[in-house]
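Colleague: I've just opened this one and don't know my way around yet. Could you walk me through it?

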Amino acid sequence: MIDLELASDANLVVAVARCHQPALAEAYRRHGGAVHALSRRILRSDPPAEEITQEVFLDLWRSPEKFDAQRGTLRSFLLARTHGKSIDFIRSETARRRREDRTTRETATAGYDVEHQVWDLAVAEQVKEALTALPDELRQPILLAYFGGHTYQEVAKMLGAPEGTVKSRIRVGLGRLRVNLAARGVEPAGAER
Amino acid sequence: MSGTMPEPTHDEIEELLGAYALDALEPEETAQVERHLRECIRCVIEVGQHHEVTGLLANSGGDASAELWHKIAQRLDAPSEVPSWDRLAARLDPANVPEAVLQLELPPAAVIQLDQTRRRHRWMVRTASLVAAAAAVLAVVLGVQVNHLNHQVNALSSTRQSVSAVAQAALENPTTQRIQLTPPATSPGPKGTSVTLVVGQTGTGYVFASNLAPLPSSQTYQLWGAINGQLVSLGVLGPDPGVRAFTYDTGTKVQAFAITAERGGGVVQTNHLPVVEAAVKQA
């Protein structure tokens with residue numbers, strides 16, 4: 001018999017696929033806080049963040065086969081889904097006006113604000129250090145896109161840089177961040193693959 | 001961009017992967033990348049790596065809200081279409097799935113709730129949802145399908161006199177129906193295990209369970225039927241069942257049969273996944 005609290009994430013998902021509700025509860029216990037926090041941070045409003053958190057776990061319940069343990073951890077899978085849903089929400093028609101207002105504000109503060117946000121979110125000291133070690137021109141586009149919910153084209157306008165440059169810097173920055181994390185002993189799952 | 005434009009090259013798509021992982025592309029670009037990802041494993045891996053990095057950025061480490069879980073639990077439904085297990089199993093190597101996962105031991109109680117006042121991060125399971133989930137498992141299992149089975153099952157009544165001989169006669173009777181219970185399709189357990197149920201119109205059924213591996217004496221096999229979305233115990237079979245009889249009412253549809261391994265004496269409601277199972281196709 002298995003203790004759910006000791007089961008691997010991959011095995012939890014197998015159990016979820018067997019309609020095993022306590023396994024979903026355990027997955028929520030492990031990752032629900034991070035999912036909710038990420039959505040709330042992006043949306044800056046709790047009611048839609050709660051709704052998205054519910055959707056993320058209901059999706060896992062209904063379509064657990066979308067998680068592929070060969071491609072990464074359950075946490076990164078759930079957070080990527082959370083991020084995508086949150087971004088869809090803020091890009092929706094109903095939220096457009098609020099987003100435009102926010103874009104104006106963020107343009108004025110150019111990245112300072114979002115860096116503060118990520119300090120709140122990134123609990124691991126190593127993650128903070130790895131981010132700090134990135135040059136500004138690589139760090140800012142990542143934070144503005146990820147936590148600000150902006151497209152790279154929008155980020156390019158905000159930073160006054162060419163779109164192609166920003167696009168490239170995001171990719172290079174993520175790769176560099178991964179290396180920085182590994183150098184600090186934080187080995188993202190799937191890094192060896 | 002229009003649909004008539006040529007697809008971007010691999011190198012062009014690669015340049016978009018970082019922004020794609022951050023959901024920072026316009027919809028048209030997102031669609032292009034996703035078309036490419038269907039064919040390019042290298043790019044799939046890179047996106048996975050970016051997601052791992054962003055997942056670390058987003059790691060708040062905060063506790064999950066019990067209240068929010070309650071809302072989720074209220075919305076859980078039983079999958080009604082293709083069994084998700086089978087879709088998942090298509091990608092899994094069964095040898096890597098511990099048998100323990102398929103025989104999960106659950107707390108015996110009620111919607112699953114986070115009980116933060118008594119023990120942090122412990123969950124309580126509400127019987128109703130558990131039964132529904134277990135019934136859902138049975139409703140989607142693979143197995144030999146039998147038509148026109150209309151029996152209401154009451155309780156076990158083991159006929160002690162020459163069960164084997166009577167059961168053998170029932171097995172050979174052309175008017176009875178045979179249901180083959182088999183392990184879940186991707187169970188890591190013994191593949192050859194199978195149990196035959198024989199049911200007829202008399203109200204007595206027989207279980208041919210000689211193939212089941214003997215359990216320790218502190219445990220027992222137990223037969224279940226899924227009836228109207230509820231699991232009903234059809235009988236405690238013992239740790240080494242052989243051939244056993246059970247009785248039932250004729251009139252209510254049984255959607256599925258299953259045998260679980262339980263603690264000695266059996267249980268009122270099971271928290272275990274089936275050792276063998278068979279769905280019953282309704283007429």
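**A first tour by question and answer**

Modeller: Happy to, and let's begin with a single residue: Arg44(A) sits in the loop between α2 (21-43) and α3 (46-62) of chain A. Keep in mind that this is a predicted model.

Colleague: Is Arg44(A) buried, partly exposed or exposed?

Modeller: Count the neighbours: Arg44(A) has 13 other C-beta atoms within 10 Å. A residue is exposed at 12 or fewer and buried at 20 or more. So Arg44(A) comes out as partly exposed.

Colleague: And what is phi of Arg44(A) near?

Modeller: Most residues other than glycine have a negative phi. Arg44(A) isn't glycine, yet its phi is positive. The value is near 60°.

Colleague: Chain B has a residue with positive phi too, Asp23(B). Is Asp23(B) buried or exposed?

Modeller: Asp23(B) is in the loop between α1 (10-21) and α2 (27-37) of chain B, and its phi is near 55°. Inside 10 Å it has 22 C-beta neighbours. The cut-off for being buried is 20 or more, so Asp23(B) counts as buried.

Colleague: Let's zoom out. How many helices and strands does chain A have?

Modeller: From the N terminus on, the elements of chain A run α-α-α-α-α-α-α-α-α-α. Among its contacts between residues at least 6 apart in sequence, 66% join residues at least 24 apart. Of its 193 residues, 51% count as buried. The tally for chain A is ten helices and zero strands.

Colleague: What about chain B: how many helices and strands are there?

Modeller: Chain B has 283 residues, and 42% of them count as buried. Its secondary structure includes strands as well as helices. The tally for chain B is eight helices and twelve strands.

Colleague: Back in chain A, which residues of helix α7 are buried?

Modeller: Helix α7(A) covers residues 125-132. Its buried residues fall within an arc of 100° when you look down the axis, so they line one face of the helix. On the other side, Glu125(A) and Thr132(A) are exposed. The buried ones are Val127(A), Ala130(A) and Leu131(A).

Colleague: How many of the eleven residues of α8(A) are buried?

Modeller: Helix α8(A) is mostly covered. Its buried residues include Leu138(A), Arg139(A), Ile142(A), Leu143(A) and Tyr146(A). The count of buried residues in α8(A) is nine.

Colleague: How is α8(A) placed against α9(A): parallel, antiparallel, perpendicular or oblique?

Modeller: Helix α8 (residues 136-146) and helix α9 (residues 152-159) of chain A pack at an angle of about 125°, with their axes 10 Å apart. The crossing is right-handed. Roughly perpendicular stops at 115 degrees and roughly antiparallel starts over 145, so α8(A) is oblique to α9(A).

Colleague: How do the residues of that contact divide into nonpolar, polar and charged?

Modeller: From α8(A) come Gln140(A), Pro141(A), Leu144(A) and Ala145(A). They meet Tyr152(A), Val155(A), Met158(A) and Leu159(A) in α9(A). That divides into seven nonpolar, one polar and no charged.

Colleague: Now a pair across the chains: α10(A) and α3(B). Which residues make their contact?

Modeller: The axes of α10 (residues 163-183) of chain A and α3 (residues 41-57) of chain B come within 10 Å and cross at roughly 65°. The crossing is left-handed. The contact is made by Leu174(A), Leu177(A), Arg178(A) and Leu181(A) of α10(A), and by Gln49(B), His50(B), Val53(B) and Leu56(B) of α3(B).

Colleague: How does the contact of α10(A) with α3(B) divide by residue kind?

Modeller: The α10(A) side includes Arg178(A), and the α3(B) side includes Gln49(B) and His50(B). Arg counts as charged. The full division is five nonpolar, two polar and one charged.

Colleague: One last stop, in strand β12 of chain B, at Val276(B). What separates the C-alpha atoms of Val276(B) and Thr182(B)?

Modeller: Val276(B) is buried, with 25 other C-beta atoms within 10 Å. Among the residues it touches are Leu181(B), Thr182(B), Val195(B) and Ile259(B). Thr182(B) is 94 residues away along the chain. The C-alpha separation of Val276(B) and Thr182(B) is 4.5 Å.

Terms used: Residues are numbered from 1 along each chain as its sequence is written. Chains are lettered from A and ligands numbered from 1 in the order in which they are written. This is a predicted model: local features need pLDDT of at least 70, side-chain atom pairs count only at pLDDT 80 or more; totals for chains, interfaces and linings use all residues. Helices (H or I, at least four residues) and strands (E, at least two) are DSSP runs, numbered from the N terminus. The arc is that of the directions from the helix axis to the C-beta atoms. Axes are lines fitted to C-alpha atoms, for helices over the stretch in contact, and angles run from 0 to 180 degrees between N-to-C directions. Angles under 35 degrees count as roughly parallel, over 145 as roughly antiparallel, 65 to 115 as roughly perpendicular and the rest as oblique. A crossing is left-handed if the near helix is turned anticlockwise from the far one by less than a right angle, and right-handed if clockwise. Two residues are in contact if their C-beta atoms, placed from the backbone, lie within 7 Å. Lists of a residue's contacts leave out its neighbours within four places in sequence.
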